[in-house]
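Reader: Hey, I've got this protein open and I'm not sure where to start. Can you walk me through it?

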Amino acid sequence: MSTKRISFKVDGDVQGVNFRSFTQKQAKNVGVTGFVSNASDGSVQGEAQGSEEAVQKFIQHIKSGPSAASVSNVEHCEIATQSDEKSFDVSR
């Protein structure tokens, strides 16, 4: 099974609505590692790594977001994998 890593950016009403904790929970549920953080432009961004199937499931979750969020756009692109990552963290 090959491992894939993406960089992602989520635009919309996504800060102050528990989006980062939602993202961490979904990452753990589907089995991806990485991180998520708030960006200064009001978006949420991060990286996620796992199997192709797990990453696709993760993307679907962040496209909907938690009920209080309003996601207008999700951008993602494949990047180089990391070998030493063990968890999915929330950064400030």
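Author: Sure! Keep in mind that this is a predicted model. Let's start with Phe 8, which is buried, with a relative accessible area of 2%.

Reader: Okay, and which ring does Phe 8 pair with edge-to-face?

Author: That's Phe 58. The ring centres are 5.4 Å apart and the planes sit at 65 degrees; over 60 counts as edge-to-face, so that's the label the pair gets. Phe 8 is in strand 1 (residues 3-13) and Phe 58 is in helix 2 (residues 52-64), so the pair ties together parts that are 50 residues apart in sequence.

Reader: Is Phe 58 buried or exposed?

Author: Buried, with a relative accessible area of 0%. Phe 58 also pairs with Phe 88, and that pair is tilted: 5.7 Å centre to centre, with 55 degrees between the planes. Phe 88 belongs to strand 5 (residues 88-91), 30 residues away from Phe 58, so this pair links distant parts of the chain too. Phe 88 is buried as well, at 2% relative accessible area.

Reader: So what do those ring pairs add up to?

Author: They link Phe 8, Phe 58 and Phe 88 into a cluster. The structure holds 3 aromatic pairs.

Reader: Cool. Switching to helix 2, which of its residues are buried?

Author: Ala 54, Val 55, Phe 58, Ile 59 and Ile 62. Looking down the axis of helix 2, those buried residues fall within an arc of 140 degrees, so they line one face of the helix.

Reader: And what covers the buried residues of helix 2?

Author: The cover includes strand 1, helix 1 (19-30), strand 3 (44-51), strand 4 (70-79) and strand 5.

Reader: How far apart are the ends of helix 2?

Author: Its end C-alpha atoms are 19 Å apart. With 13 residues at 1.5 Å a residue, you'd expect a span of 18 Å, which agrees. Right after helix 2 comes Gly 65, which has a positive phi, near 70 degrees.

Reader: What about the largest nonpolar core, how many residues does it have?

Author: It has 20 residues, and the ones with the most contacts inside it are Phe 8, Phe 19, Val 32, Phe 58 and Phe 88. Strand 1, helix 1, strand 3 and helix 2 each supply at least two residues. The largest share, 5 residues, comes from helix 2.

Reader: Why would residues like that end up together?

Author: In soluble globular proteins, nonpolar side chains tend to be buried together.

Reader: Phe 19 is a new name. What is Phe 19 in contact with?

Author: Leaving aside neighbours within four places in sequence, its contacts include Val 10, Val 14, Val 44, Ile 62 and Val 71.

Reader: New topic: which residues does UniProt list as "active site"?

Author: Arg 20 and Asn 38, from an unreviewed entry. They span 19 residues in sequence, yet their C-alpha atoms are no more than 7.7 Å apart, so they gather at one spot.

Reader: Where do Arg 20 and Asn 38 sit?

Author: Arg 20 lies in helix 1, and Asn 38 is in strand 2 (residues 33-38). Arg 20 is buried, with a relative accessible area of 17%, whereas Asn 38 counts as partly exposed at 26% relative accessibility.

Reader: And what does Arg 20 touch?

Author: Not counting residues up to four places away in sequence, Arg 20 touches Val 36, Ser 37, Asn 38, Val 44, Val 90, Ser 91 and Arg 92. Asn 38, counted that way, touches residues including Gln 15, Arg 20 and Ser 43.

Notes
Residues are numbered from 1 along each chain as its sequence is written. This is a predicted model: local features need pLDDT of at least 70, side-chain atom pairs count only at pLDDT 80 or more; totals for chains, interfaces and linings use all residues. Side-chain values use heavy atoms; hydrogens and water are left out. Rings of Phe, Tyr and Trp (its six-membered ring) pair if their centres lie within 6.5 Å; planes under 30 degrees apart count as stacked, over 60 as edge-to-face and the rest as tilted. Helices (H or I, at least four residues) and strands (E, at least two) are DSSP runs, numbered from the N terminus. Buried means under 20% relative accessible area, exposed over 50%, partly exposed in between (1.4 Å probe, protein chains only). The expected span of a helix is 1.5 Å times one less than its number of residues. The arc is that of the directions from the helix axis to the C-beta atoms. Contact means heavy atoms within 4.5 Å. A nonpolar core is a set of buried Ala, Val, Leu, Ile, Met, Phe, Trp, Tyr and Cys residues joined through side-chain atoms within 4.5 Å. UniProt positions are given in the numbering used here, feature names are shortened, and annotations may be inferred rather than shown by experiment.
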